[in-house]
Amino acid sequence: MIRFFFIVLIATLAACSPRSATQPDAKTSTLFSSWWRVEEIDGRKAEFIRGQRRDMHIILYASRKMVGSGGCNQISGSFIHSPGSIRFGAIASSKMMCQPAVMLREQAFIAALRKADSYVVRGRRLTMYDRLGRETLRFMAVPSR
């Protein structure tokens with residue numbers, strides 16, 4: 001009887017193993033090494049506009065490095081991270097000039113990154129929030145380019 005109980009216990013524990021619960025499916029992106037295209041900045045849509053050179057995006061690496069594009073200029077920087085928390089350090093940018101509307105939105109994007117304090121990844125969507133819990137940025141994971 002004890003042997004039967006022991007077998008049932010092991011089978012139950014194996015079925016509840018976190019290994020099976022944490023394997024991502026095809027519709028789930030990870031925070032690191034995903035191409036995160038900007039969808040919204042401070043609640044405003046961030047669609048591709050005239051004069052823009054690239055999609056606005058970031059790629060975050062486990063080494064705490066960030067690279068991306070503000071739509072006109074390449075951006076890079078570092079960040080600190082713990083589960084649910086993210087803060088960006090200095091953000092560097094190349095110095096190309098684009099249409100005024102593109103430049104203004106790029107500045108808003110960088111400012112929103114600097115305000116980021118926390119994040120949530122749900123499926124293929126990454127949302128960043130400021131210290132007060134207000135949404136500052138919304139991203140969609142897209143295939144790397």
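This report walks through the strands, a helix, the disulfide and the salt bridges of a predicted model.

A few ground rules come before the details. Residues are numbered from 1 along each chain as its sequence is written, and side-chain values use heavy atoms, with hydrogens and water left out. Because the model is predicted, local features need pLDDT of at least 70 and side-chain atom pairs count only at pLDDT 80 or more, while totals for chains, interfaces and linings use all residues.

## Strand 1 and its partners

Let's start with strand 1, residues 35-41 (helices, H or I with at least four residues, and strands, E with at least two, are DSSP runs numbered from the N terminus). Five of its seven residues are buried, so strand 1 is largely enclosed by the rest of the structure. Buried here means under 20% relative accessible area, exposed means over 50%, and partly exposed is in between, using a 1.4 Å probe and protein chains only.

Strand 1 pairs with strand 9 in the antiparallel sense over six bridges, where pairing requires that DSSP finds at least two bridges between the strands. Trp35 has Val142 of strand 9 as its bridge partner. Strand 3 also runs antiparallel to strand 1, joined to it by three bridges, and Arg37 is matched with His57 there. Then there's strand 2 (residues 44-45), again antiparallel to strand 1, with two bridges; Ile41 and Arg44 are bridge partners across these two strands. The hairpin of strand 1 and strand 2 leaves two residues between the strands, and Asp42 takes a positive phi near 50° in this hairpin.

## Three buried strand residues

Ile58 sits in strand 3 (residues 57-60). Its relative accessible area is 0%, so Ile58 is buried. Its contacts (heavy atoms within 4.5 Å) beyond four places in sequence include Trp35, Trp36, Phe88, Phe109, Leu113 and Phe139. The C-alpha atoms of Ile58 and Gln74 are 9.8 Å apart, with their positions 16 residues apart along the chain.

Ala141 belongs to strand 9 (residues 135-142), and is buried at a relative accessible area of 6%. Setting aside neighbours within four places in sequence, Ala141 is in contact with Ser29, Trp35, Trp36 and Arg124. Gly123 is 18 residues away from Ala141 in sequence, and their C-alpha atoms are 8.8 Å apart.

Over in strand 8 (residues 125-129) we find Thr127, buried with a relative accessible area of 8%. Outside the four-place window in sequence, Thr127 touches Ser118, Tyr119, Val120, Glu135, Leu137 and Arg138.

## Helix 3

Helix 3 has 16 residues and spans 23 Å from first C-alpha to last, close to the 22 Å expected at 1.5 Å a residue; that expectation is 1.5 Å times one less than the number of residues. Among the buried residues of helix 3 are Arg105, Glu106, Phe109 and Leu113. Phe109 and Leu113 are also on the contact list of Ile58.

## The disulfide

There is one disulfide in the structure, counted as a pair of cysteine sulfur atoms within 2.5 Å. Cys72 and Cys98 form it, with their sulfur atoms 2.0 Å apart. The link of Cys72 and Cys98 is right-handed, at 85° about the S-S bond. It connects distant parts of the chain, 26 residues apart: Cys72 is in the loop between strand 4 (65-69) and strand 5 (74-82), and Cys98 in the loop between strand 6 and helix 3. Cys72 is buried at 5% relative accessible area, and Cys98 is buried too, at 14%.

## Salt bridges

The structure holds seven salt bridges. The criterion is a side-chain nitrogen of Lys or Arg within 4 Å of a carboxyl oxygen of Asp or Glu. Here are some of them:

| Pair | N to O distance |
|---|---|
| Glu40 and Lys45 | 3.7 Å |
| Arg87 and Asp117 | 2.6 Å |
| Arg134 and Asp130 | 2.8 Å |

Salt bridges that share partners join Glu40, Lys45, Glu135 and Arg138 into one network. Within it, Glu40 is buried at 11% relative accessibility, whereas Lys45 is exposed at 58%.

What does the salt bridge of Arg87 and Asp117 tie together? Arg87 lies in strand 6 (residues 85-93) and Asp117 in the loop between helix 3 (100-115) and strand 7 (118-122), so the pair ties together parts 30 residues apart in sequence. Arg87 is partly exposed at 38%, while Asp117 is buried at 14%. Asp130, the partner of Arg134, is buried at 8% relative accessibility.
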